[in-house]
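Please read the report below alongside the sequence and the coordinates. It treats helix packing, nonpolar cores, charged pairs and backbone angles in turn.

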Amino acid sequence: PFLRAAHAAKDLAIIHVVDQHDPVRHKAHFDLFRPHCVVGSEGAKLIASIDALANEDPDTRLVPAGDLNDFEDSALMRTLTDLGATPDTPIGVIGVWTDAKVAFLLYDLRTRFKAKRLATCSGLTASRSMDAHFRALESLKIVLDIEVLHSPASFLAWLDPQAPLPALAPAAQCEFTKPVATPSWWTPAHIAERDSLIGAIAGTK
């Protein structure tokens with residue numbers, strides 16, 4: 001729902017950074033993370049439903065990138081400029097690996113592109129564990145002054161106040177049959193967000 005709403009927004013340009021790796025150029029990367037998203041393979045393509053949305057939207061660009069740093073050996077900087085982005089343009093980053101790829105890209109947008117207004121969404125990013133995910137978000141907020149939104153609707157409204165909003169995640173409260181440990185620094189808001197996301201996935205309240 002979020003991507004459909006984002007692609008339908010008239011004043012929002014979207015860049016999909018596509019993970020693609022050349023077996024020779026990125027051998028060191030493969031040694032560390034194992035072969036994945038090899039150029040020319042199915043794994044290097046966008047998910048079909050996302051690809052269809054991208055092809056229908058003239059303000060969408062695909063930028064192949066093969067490094068942990070998406071600005072290295074890629075057309076990302078030029079693409080941002082071609083789309084009319086400036087340091088004053090609100091820019092949001094979502095995707096997988098909150099404490100690495102998402103964090104690195106936000107850092108580079110702040111330092112290389114000099115972006116002044118940056119945001120991400122806890123509900124549209126993910127990491128290897130919930131603890132790593134939320135610690136990364138907290139660090140991004142404190143160290144880089146990144147705006148961290150907690151629902152797809154609020155994130156889209158931050159990017160484009162005129163965009164039609166996707167449905168909010170349903171309210172939910174989870175009850176577990178066994179005690180579930182949470183990080184000591186979690187607040188009731190963190191627990192409520194966890195329950196809401198689990199409720200959205202389960203389709204129950």
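What follows is a description of a predicted model.

**Helix H5 and its surroundings**

Helix H5 covers residues 98-111, and its 14 residues, taken at 1.5 Å a residue, should span 20 Å; the end C-alpha atoms are 18 Å apart, which agrees with that expectation. The helix is mostly covered, since 10 of its 14 residues are buried. The buried positions are Thr-98, Ala-100, Lys-101, Val-102, Ala-103, Leu-105, Leu-106, Asp-108, Leu-109 and Arg-110, a list in which charged residues such as Lys-101, Asp-108 and Arg-110 stand beside nonpolar ones such as Val-102 and Leu-105. These buried residues pack against strand S1 (14-19), helix H4 (76-82), strand S3 (91-96), strand S4 (118-126) and helix H6 (130-143).

**Nonpolar cores**

Which residues have the most contacts inside the largest nonpolar core? They are Leu-80, Ile-91, Leu-106, Leu-109, Phe-113 and Leu-118, in a core of 18 residues. H4, S3 and H5 are the elements that give two or more residues to this core, and the largest share, five residues, comes from H5. Leu-109 illustrates how this part of the chain is joined: leaving out residues up to four places away in sequence, Leu-109 touches Phe-71, Leu-80, Ile-91, Val-93, Lys-114, Ala-115 and Leu-118. A second core, separate from the one above, has 14 residues, including Leu-12, Ala-119, Cys-121 and Leu-149.

**Helix H7 and the loop that follows**

Helix H7 is also mostly covered, with six of its eight residues buried. The buried residues are Pro-152, Ala-153, Phe-155, Leu-156, Trp-158 and Leu-159, and what covers them includes helix H1 (2-8), S3, S4 and strand S5 (147-149).

In the loop between helix H7 (152-159) and helix H8 (188-202) lies Phe-176. Is Phe-176 buried or exposed, in whole or in part? At 41% relative accessibility, Phe-176 counts as partly exposed, because the partly exposed class runs between the 20% limit for buried residues and the 50% limit for exposed ones. Once neighbours within four places in sequence are set aside, Phe-176 is in contact with Arg-194 and Ile-198. Together with Val-180 and Ile-198, Phe-176 forms a nonpolar patch on the surface, and the three residues have about 250 Å² of accessible area together.

**Salt bridges**

A search of the whole structure finds nine salt bridges, and the table gives three of them, with the distance between N and O atoms.

| Basic residue | Acidic residue | N to O distance |
|---|---|---|
| Lys-45 | Glu-42 | 2.8 Å |
| Lys-101 | Asp-70 | 2.8 Å |
| Arg-128 | Asp-99 | 3.0 Å |

The surroundings of these pairs can be described one by one. Lys-45 and Glu-42 are both exposed. The bridge between Lys-101 and Asp-70 links distant parts of the chain, with Lys-101 in helix H5 and Asp-70 in the loop between strand S2 (60-65) and H4, 31 residues apart. Lys-101 is buried, with a relative accessible area of 19%, a value that falls under the 20% limit for that class; Asp-70 is buried as well, with a relative accessible area of 5%.

The bridge between Arg-128 and Asp-99 likewise links distant parts of the chain, with Arg-128 in the loop between S4 and H6 and Asp-99 in helix H5, 29 residues apart. Here Arg-128 counts as exposed at 67% relative accessibility, whereas Asp-99 counts as partly exposed at 25%. Beyond these pairs, Glu-72, Asp-108 and Arg-112 are linked in a network of salt bridges, and Asp-108 is one of the buried residues of H5.

**Positive phi angles**

Where in the chain is Lys-114 placed? Lys-114 is in the loop between H5 and S4, and its phi is near 65°, a positive value in a residue other than glycine. Lys-114 counts as exposed, at 52% relative accessibility, and is one of the residues that Leu-109 touches. Asp-145, which lies in the loop between H6 and S5, has a positive phi of about 60° although it is not a glycine. Asp-145 is exposed, with a relative accessible area of 60%.

Conventions. Residues numbered from 1 in each chain as written. Predicted model: local features only at pLDDT ≥ 70, side-chain atom pairs only at ≥ 80, totals over all residues. Heavy atoms only, no water. Helix = DSSP H or I, 4+ residues; strand = E, 2+ residues; numbered from the N terminus. Expected span 1.5 Å × (residues − 1). Buried < 20%, exposed > 50% of the residue type's maximum accessible area, 1.4 Å probe, protein only. Contact = heavy atoms within 4.5 Å. Core = buried A, V, L, I, M, F, W, Y, C linked by side-chain atoms within 4.5 Å. Patch = residues over 30% accessible without salt bridge, like charges linked within 9 Å, V, L, I, M, F, W, Y side chains within 5 Å. Areas by Shrake-Rupley, 256 points an atom, 1.4 Å probe, with all protein chains shown as cover. Salt bridge = Lys/Arg side-chain N within 4 Å of Asp/Glu carboxyl O.
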